[in-house]
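Please open the model in your viewer and keep the selection panel at hand. The stops below are meant to be taken in order, each one starting from something to select.

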Amino acid sequence: MENIKSYVQQHKDRFINELIELLKIPSVSADTAYSQDVIDTAEAVKESLSKAGCDFVEICDTPGYPIIYGEKIIDPNLPTVLVYGHYDVQPPDPIELWTSPPFAPVIKNTEIHPEGAIFARGACDDKGQMYMHVKALELMVQTNTLPCNVKFMIEGEEEVGSASLAWFVERNQEKLKNDVILISDTGMISNQQPSITTGLRGLSYVEVEVTGPNRDLHSGLYGGAVANPINVLAKMIASLHDEDNHITIPGFYDNVQELSTEERAEMAKAPFSLEKYKNALALNDVYGEKGYVTNERNSIRPTLDVNGIWGGYQGEGAKTVIASKAFAKISMRLVPNQDWHEITELFTKHFTSIAPSGVTVKVTPHHGGQGYVTPIDSIGYQAANKAYTETFGVPAIPVRSGGSIPIVALFEKELKSKTILMGFGLDSDAIHSPNEHFGIFNYLKGIETIPLFYKYFVELSK
């Protein structure tokens with residue numbers, strides 16, 4: 001451990017500067033205006049893996065953005081760890097809410113990060129956390145402490161559904177063969193209390209379109225006589241929850257796994273202050289499904305949320321118009337055993353059925369993925385827990401995440417491997433939001449902890 005700390009301290013300024021340079025490239029996969037930047041980022045990741053010590057690195061073409069594959073095989077008889085990460089980032093909008101430019105990284109001290117945090121789009125999700133693994137490899141190679149084989153698979157479409165990743169994995173199962181998959185694209189409870197994510201929610205993401213008249217109409221001449229698509233859409237969306245905030249889609253809860261009282265009690269051991277939670281979000285009160293507390297609503301229960309809604313006149317001043325169309329984007333977070341394809345079909349059938357006769361409805365599925373649970377008695381989990389315990393001084397707590405990483409279920413299906421989610425971000429790091437950031441402490445602590453996972457995984461595998 002002292003060798004690890006010494007190496008990190010000796011090279012920490014370089015580690016930080018290298019990440020800052022990577023964060024300057026606006027690799028927004030959702031917007032084609034940034035296509036060349038995404039490609040440039042792939043090249044930068046390839047170069048970093050080569051410098052860190054991979055013996056073989058390649059940029060693999062896919063139907064979409066490329067995947068970087070790298071490996072260092074020291075002995076085919078030893079275990080192999082496959083590291084997954086992504087180099088694409090979310091769009092930075094709304095730009096005006098950033099306190100500094102999203103692709104001009106700066107280090108600022110905060111109450112939670114007194115040692116400083118890097119503010120930039122992708123700082124935590126996922127460039128910063130992905131790059132911890134690159135630097136951890138460098139550390140192990142330079143200190144001659146790499147105890148097993150390692151492979152890297154870094155993709156550029158995670159923020160838009162990872163469509164090309166499934167294509168790639170299905171065609172490269174032998175190349176990707178491994179004993180455990182390691183991902184840092186999640187978070188932990190706090191800088192004092194580490195945690196390991198053992199469950200992820202699935203996802204179904206759809207776009208809906210409601211059409212009324214064949215053109216925009218004068219609201220005085222036609223108001224009250226024809227269906228207003230915006231009014232209709234608002235009513236339809238409102239009807240998707242009842243007074244207890246249960247989702248009203250028939251069959252939606254049929255395969256939802258109910259956790260036992262004992263399991264819910266274990267979850268409740270994780271430190272949580274409802275008042276701090278509300279204060280951090282400037283809320284007067286929390287909101288959600290009746291019968292469940294906040295930490296259950298955002299992890300073990302399915303949800304349905306409107307992510308965007310638009311239609312009609314949105315410019316300055318007034319325009320008295322009944323819009324021809326109204327639109328919304330809707331995401332449903334799913335729990336294990338809920339199949340996202342089935343849920344998408346249930347939503348489409350229900351949403352179409354509740355439309356009044358004066359409008360037509362179109363539902364367009366975008367992407368989705370299955371939920372996932374990893375057992376805490378696996379060698380991978382035990383190795384991660386021992387690593388966290390050594391660097392933080394306290395054992396990690398297993399937690400279920402409200403987020404979705406659809407490819408985790410894909411990995412288990414195609415590669416027959418368990419995934420360990422060693423996240424080092426915090427809930428306050430504003431991922432997907434303006435002013436995203438990643439603590440310097442967290443970044444360096446990740447580089448310290450990851451090599452210990454390798455050490456303990458090899459020891460426990462014997």
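What follows is a tour of salt bridges, a cavity, a helix and some backbone features.

Before the first stop, note that this is a predicted model, in which local features need pLDDT of at least 70 and side-chain atom pairs count only at pLDDT 80 or more, while totals for chains, interfaces and linings use all residues. Residues are numbered from 1 along each chain as its sequence is written, and side-chain values use heavy atoms, with hydrogens and water left out.

**Stop 1: salt bridges**

Side chains of opposite charge can pair when their charged atoms come close. A salt bridge here is a side-chain nitrogen of Lys or Arg within 4 Å of a carboxyl oxygen of Asp or Glu, and a search of the whole structure finds 20 of them.

Select Glu138 and Arg14, which form a salt bridge whose closest N and O atoms are 2.5 Å apart. Because Glu138 lies in helix α3 (residues 127-142) and Arg14 in helix α1 (residues 2-23), the pair ties together parts that are 124 residues apart in sequence. Helices (H or I, at least four residues) and strands (E, at least two) are DSSP runs, numbered from the N terminus. Glu138 counts as buried at 5% relative accessibility, whereas Arg14 is partly exposed with a relative accessible area of 30%; buried means under 20% relative accessible area, exposed over 50% and partly exposed in between, computed with a 1.4 Å probe on protein chains only. Now add Glu18 and Lys135 to the selection, since Arg14, Glu18, Lys135 and Glu138 are linked in a network of salt bridges.

Next, select Glu58 and Lys175, another salt bridge, with its closest N and O atoms 2.4 Å apart. Glu58 lies in strand β1 (residues 56-60) and Lys175 in the loop between α4 (163-171) and β7, so this pair ties together parts that are 117 residues apart in sequence. Glu58 is partly exposed, with a relative accessible area of 22%, and Lys175 is partly exposed too, at 27%.

**Stop 2: a salt bridge at a cavity**

Select Glu258 and Arg301, which form a salt bridge with the closest N and O atoms 3.1 Å apart. The pair links distant parts of the chain, 43 residues apart, with Glu258 in the loop between α6 (229-238) and α7 (261-267) and Arg301 in the loop between α9 (294-297) and β11 (303-311). Glu258 counts as exposed at 51% relative accessibility, while Arg301 counts as buried at 4%.

Keep both residues selected and add Gln257, Leu259, Arg264, Tyr292 and Ile300; together these residues line the largest cavity. A cavity is a set of points on a 1 Å grid over the protein atoms alone where a 1.4 Å probe fits but cannot get out, and lining residues have an atom within 4 Å of a point. The search of the whole structure finds one cavity of 30 Å³ or more, and the largest cavity has a volume of about 40 Å³, a volume being the space filled by probe spheres set on the points, which are joined across faces, edges and corners.

**Stop 3: a buried aspartate**

What is the nearest side chain of opposite charge to Asp185? Select Asp185, in the loop between β7 (180-183) and β8 (195-200), and then Arg333, which is that side chain and is 10 Å away; Asp185 is buried yet has no salt bridge. In this count, Lys and Arg are positive and Asp and Glu negative, with His and the chain ends not counted. Add His86 to see a polar contact of 3.3 Å that joins its side chain to that of Asp185. A polar contact is a pair of N or O atoms within 3.5 Å; within protein, one must be able to donate a hydrogen and the other to accept it, and residues adjacent in sequence count only if both atoms are side-chain atoms.

**Stop 4: helix α12**

Select residues 407-415, helix α12, where seven of the nine residues are buried, so the helix is largely enclosed by the rest of the structure. Among the buried residues of α12 are Ile407, Phe411 and Glu414. Just after α12, Lys416 takes a positive phi of about 60°.

**Stop 5: backbone features**

Select Asp93 and Pro94, joined by a cis peptide bond with omega of about -5°; Pro94 is in the loop between β3 (80-86) and β4 (106-108). Finish at Ser162, which has a positive phi of about 60° although it is not a glycine, and which is buried, with a relative accessible area of 7%.

Key. On a 1 Å grid over the protein atoms alone, a cavity is a set of points where a 1.4 Å probe fits but cannot get out, and a pocket is an open set with protein on both sides within 12 Å along at least five of seven lines; lining residues have an atom within 4 Å of a point.
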